[in-house]
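Me: I am new to this structure. Please take one part and look at it closely.

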Amino acid sequence: MSDDYSNVASLYDFLQREFPVEKLVAFIFRYFGRKGFRPKSVLDIGCGTGSFVVELCKKGLRCSGLDASQEMISVARKKSKDVNFFTGDMADFLLKDKVDLVTAISSPLYMGNFDKSRRASCFSSVFKNLNTPGYFVFDILNFGNFESCLAKKSRKFPITSKFEHEGVSYNTSIDYANPDKISLKIFKSEGNSLVLEQVYERSDADVLKRELLAAGFSDVYVTINKMGVHKDYLVFAAKP
Ligand SMILES: C[S@@+](CC[C@H](N)C(=O)[O-])C[C@H]1O[C@@H](n2cnc3c(N)ncnc32)[C@H](O)[C@@H]1O
C-alpha cells in the first residue's frame, strides 16, 4: 500500500484544482466572527502543498504548515516565503510558540494511517499547542461520497477513470473494501505502477465529538461543508 503523498507531490495541485479554498476560508472566518474570535497565528497540519495555509496568510495571520512528506513541503515552499513550512508528524508535535488556530484540511486525520489511537494522539498534540482561547478546525472528506455510493449499491465497483497530467496518463480506481471504507488508488498507466493508495474510513460525528471532548476541547460544532465536490464534515473545536 502506498499512502505516501511524496509520490504525488507534483500532481497534487492538479488533483485538487476544484477545491474551493477561498470559500472555505471565508466560511471558517464567518464562524469565528460570530464567536468573536480573531486568530493571529495558525498552524496547518497535514498542510500538503500549502494551498490552504497560503490562503490563510492573506488574512494577515502568522502562518506555519507541517506535513509528513518532504516532497509536499518542497512544493509548498515555492508558493510562499511568508509561511514557515516544516516536516513533522501531526500526531505528535511540539511548537516553540503556541498558536491561536490549528487547521487540518482535506481529511489528513482520516487517512489510512489514522486509527483511533493516532487520532487521540493528534487531538492531544493540537490541544497542547493551542493558545487559550484557541480553535481547531478540520474537515472529514467523503461523508457525502459514502452516502452517494451506498445509495448506488447496484453500481459496479471498482469505479475507474483516467486522466492525464504533463504528458503522463494515470488510471484511478475507487473501491469499497467494506461498507465503512473507501480505497482510492492512482496508477501510472504505463507499467500500471501504483503511485497512491488512500483508504478513507467512514466517520461518525458523535464519535468525533466524544473524542474531542475527551482531549479537552469544548463547544465542538460539526457542520456539513457543501462547498466541495462532495459534502464533508467541517468540525470546529474550541480550547476555552
Ligand atoms: C489529502 S492531503 C491534504 C493536503 C492539504 N491539507 C490540502 O488541503 O490540500 C493529506 C496530507 O496529509 C499528510 N499527512 C499524512 N499523515 C501525516 C502525518 N502523520 N503527519 C503530517 N502530515 C501527514 C500527507 O503527507 C498529505 O500531504
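What follows is a close look at one strand, its sheet and its surroundings.

Me: Which strand gives the most to the largest nonpolar core, and what surrounds that strand?

Reply: First, the ground rules. This is a predicted model: local features need pLDDT of at least 70, side-chain atom pairs count only at pLDDT 80 or more, and totals for chains, interfaces and linings use all residues. Residues are numbered from 1 along each chain as its sequence is written.

The strand is β5, which gives six residues to the largest nonpolar core. A nonpolar core here is a set of buried Ala, Val, Leu, Ile, Met, Phe, Trp, Tyr and Cys residues joined through C-beta atoms within 7 Å. Strands (E, at least two residues) and helices (H or I, at least four residues) are DSSP runs, numbered from the N terminus. The chain has seven helices and 11 strands.

Start with burial. A residue is buried if 20 or more other C-beta atoms lie within 10 Å of its own, exposed if 12 or fewer, and partly exposed in between, with C-beta atoms placed from the backbone. Across the 240 residues of the chain, 35% count as buried. In β5, eight of the 11 residues are buried, so the strand is largely enclosed by the rest of the structure. The largest nonpolar core has 54 residues. V53, V102, F136, V137 and V235 touch the most other members. In soluble globular proteins, nonpolar side chains tend to be buried together.

Now the sheet. Seven strands form an open sheet in the order β3-β2-β1-β4-β5-β11-β10, with mixed pairing. The edge strands are β3 and β10 (218–225), each pairing on one side only. From one strand to the next, the twist averages 15°. Two strands pair if DSSP finds at least two bridges between them.

Take the two partners of β5 in turn. With β4, the strand runs parallel, over five bridges. V99 has L130 in β5 as its bridge partner. With β11 (residues 232–239), β5 (residues 130–140) runs antiparallel, over seven bridges. Here F138 stands opposite V235 in β11. D139 stands opposite L234 in β11.

β5 also holds P133. A cis peptide bond joins T132 and P133, with omega at about -5°.

Follow the sheet towards β10. Helix α7 (residues 205–214) lies across β10 and β11 and runs at about 150° to β10. Axes are lines fitted to C-alpha atoms, for helices over the stretch in contact, and angles run from 0 to 180 degrees between N-to-C directions. In β10 sits D219. D219 has a positive phi of about 50° although it is not a glycine. D219 counts as partly exposed because it has 14 C-beta neighbours inside 10 Å.

Turn back to the core member V53. Two residues are in contact if their C-beta atoms, placed from the backbone, lie within 7 Å. Not counting residues up to four places away in sequence, V53 touches V42, D44, C47, C63, G65 and V83. One of these, C47, sits in the loop between β1 (41–45) and α3. C47 counts as buried because it has 29 C-beta neighbours inside 10 Å. Leaving aside neighbours within four places in sequence, C47 is in contact with F52, V53, G65, L66, D67, A76 and F85.

From C47, step across to M90. The two are 43 residues apart along the chain, and their C-alpha atoms are separated by 9.8 Å. M90 is in the loop between β3 (83–87) and β4 (99–104). With 23 C-beta neighbours inside 10 Å, M90 counts as buried. Its contacts, not counting residues up to four places away in sequence, are I45, G46, L66, A104, P108 and C122.

G46 and P108 lead to the ligand. Of the 20 residues around the ligand, G46, G48, A68, S106 and P108 come nearest. The elements giving two or more residues to this shell are α3 (51–57) and β2 (62–67). A residue is near the ligand if its C-beta atom, placed from the backbone, lies within 6 Å of it. The shell divides into 11 nonpolar, seven polar and two charged residues. Ala, Val, Leu, Ile, Met, Phe, Trp, Tyr, Cys and Pro count as nonpolar, Asp, Glu, Lys and Arg as charged, and the others, Gly among them, as polar.
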